[in-house]
Amino acid sequence: MAYQYKAADERDTEALAAQLAALAGPGAVIALDGDLGAGKTRFSQAVAKSIGVQGVVNSPTFTLIKEYEGREFPLYHMDVYRISLEEAEDLGLDDYFYGEGLTLIEWASLVEELLPPNRLEIYIEHSGGDERVFRLKPAGQPYESWCANLKENGWLV
């Protein structure tokens, strides 16, 4: 089952990020995709802020993985746009996916074969101006529960 969220502006993006961050914990994996400039990094920044990461959070395009300390657990922020699947295999991603933090992967579909079976996939697309449409696809628990809960509370359709 897939869900949808419409963001009129960055505040709405931040609101969705805060809702998901409140549900997330160690071992959570959020796989982000969307066109260039759709808002993957902006969404990641909002999640980071929501879990208490201090300082600047920017795209790890050239460093591939950045680790940040949150209030209760770390954030592992990845951008796999510039690497091959073979290169990604050598990064030890499982240590992050099954580690002590929340993992956010930008351009996740490029390494889909390496992703854990349980994850939340989010596709972000432009909808004109500052508007964005977020398409959420939960795979396994706890992500199915997250989305069902958010739908029950009016966040998702």
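1. A word on names before we start: helices (H or I, at least four residues) and strands (E, at least two) are DSSP runs, numbered from the N terminus. With that in hand, Asp 9 can be placed in the loop between β1 and α1 (10-23). Please keep in mind that this is a predicted model.

2. Let's stay with Asp 9 for a moment. Is Asp 9 buried or exposed? Its relative accessibility is 19%, and the cut-off for buried is under 20%, so Asp 9 counts as buried. Its side chain has a polar contact with the side chain of Arg 11 at 2.9 Å. The side chain of Asp 9 also reaches the backbone nitrogen of Asp 12, at 3.1 Å.

3. Now the sheet. Seven strands make up an open sheet with mixed pairing, and their order is β1-β7-β6-β2-β5-β4-β3. Why is one side of β1 (3-7) and of β3 (65-69) left without a neighbour in the sheet? These two strands stand at the edges, and each has a single partner strand. From one strand to the next, the twist averages 20 degrees.

4. Strand β5 is a good place to look next. On one side of the pairing list is β2 (residues 29-34), which pairs with β5 (residues 102-106) in the parallel sense over four bridges; here Val 29 has Thr 103 as its bridge partner. Strand β4 (residues 74-79) also runs parallel to β5, joined to it by five bridges, and Leu 75 stands opposite Leu 102.

5. How many of the five residues of β5 are buried? The count is five of five, and the strand is mostly covered. In a regular strand, side chains alternate between the two faces of the sheet. In β5, Leu 102, Leu 104 and Glu 106 point one way, while Thr 103 and Ile 105 point the other way, and all are buried. You may like to note that Glu 106 and Thr 103 are among these buried residues.

6. After β5, have a look at Trp 107, in the loop between β5 and β6. Most residues other than glycine have a negative phi. Trp 107 is not a glycine, yet its phi is positive, at about 65 degrees. Trp 107 is also buried, with a relative accessible area of 14%.

7. Another backbone feature sits in the loop between β7 and α5, where Pro 142 is found. Most peptide bonds are trans. The bond from Gln 141 to Pro 142, however, is cis, with omega near 10 degrees.

8. Helix α5 (residues 143-152) lies across β1, β2, β6 (119-126) and β7 (132-139), and runs at about 135 degrees to β7. Its buried residues include Tyr 143, Trp 146, Cys 147 and Leu 150. Seen down the helix axis, the buried residues fall within an arc of 90 degrees, so they line one face of α5. An α-helix has 3.6 residues a turn, so residues three or four places apart point the same way. The buried residues of α5 pack against β1, α1, β2, β6 and β7. Gly 154 follows the helix, with a positive phi near 85 degrees.

9. Finally, the core. Which members of the largest nonpolar core touch the most other members? They are Phe 43, Ile 122 and Leu 136, out of 51 residues. Leaving aside residues up to four places away in sequence, Ile 122 touches several residues, among them Leu 20, Ile 30, Leu 32, Phe 43, Phe 134 and Leu 136. Asp 33 and Arg 135 are also among the residues that Ile 122 touches.

Key. Residues numbered from 1 in each chain as written. Predicted model: local features only at pLDDT ≥ 70, side-chain atom pairs only at ≥ 80, totals over all residues. Heavy atoms only, no water. Pairing = 2+ DSSP bridges. Axes fitted to C-alpha atoms, helices over the stretch in contact; angles between N-to-C directions. Contact = heavy atoms within 4.5 Å. Buried < 20%, exposed > 50% of the residue type's maximum accessible area, 1.4 Å probe, protein only. Polar contact = N/O pair within 3.5 Å; in protein donor to acceptor, adjacent residues only side chain to side chain. Arc of directions from axis to C-beta. Core = buried A, V, L, I, M, F, W, Y, C linked by side-chain atoms within 4.5 Å.
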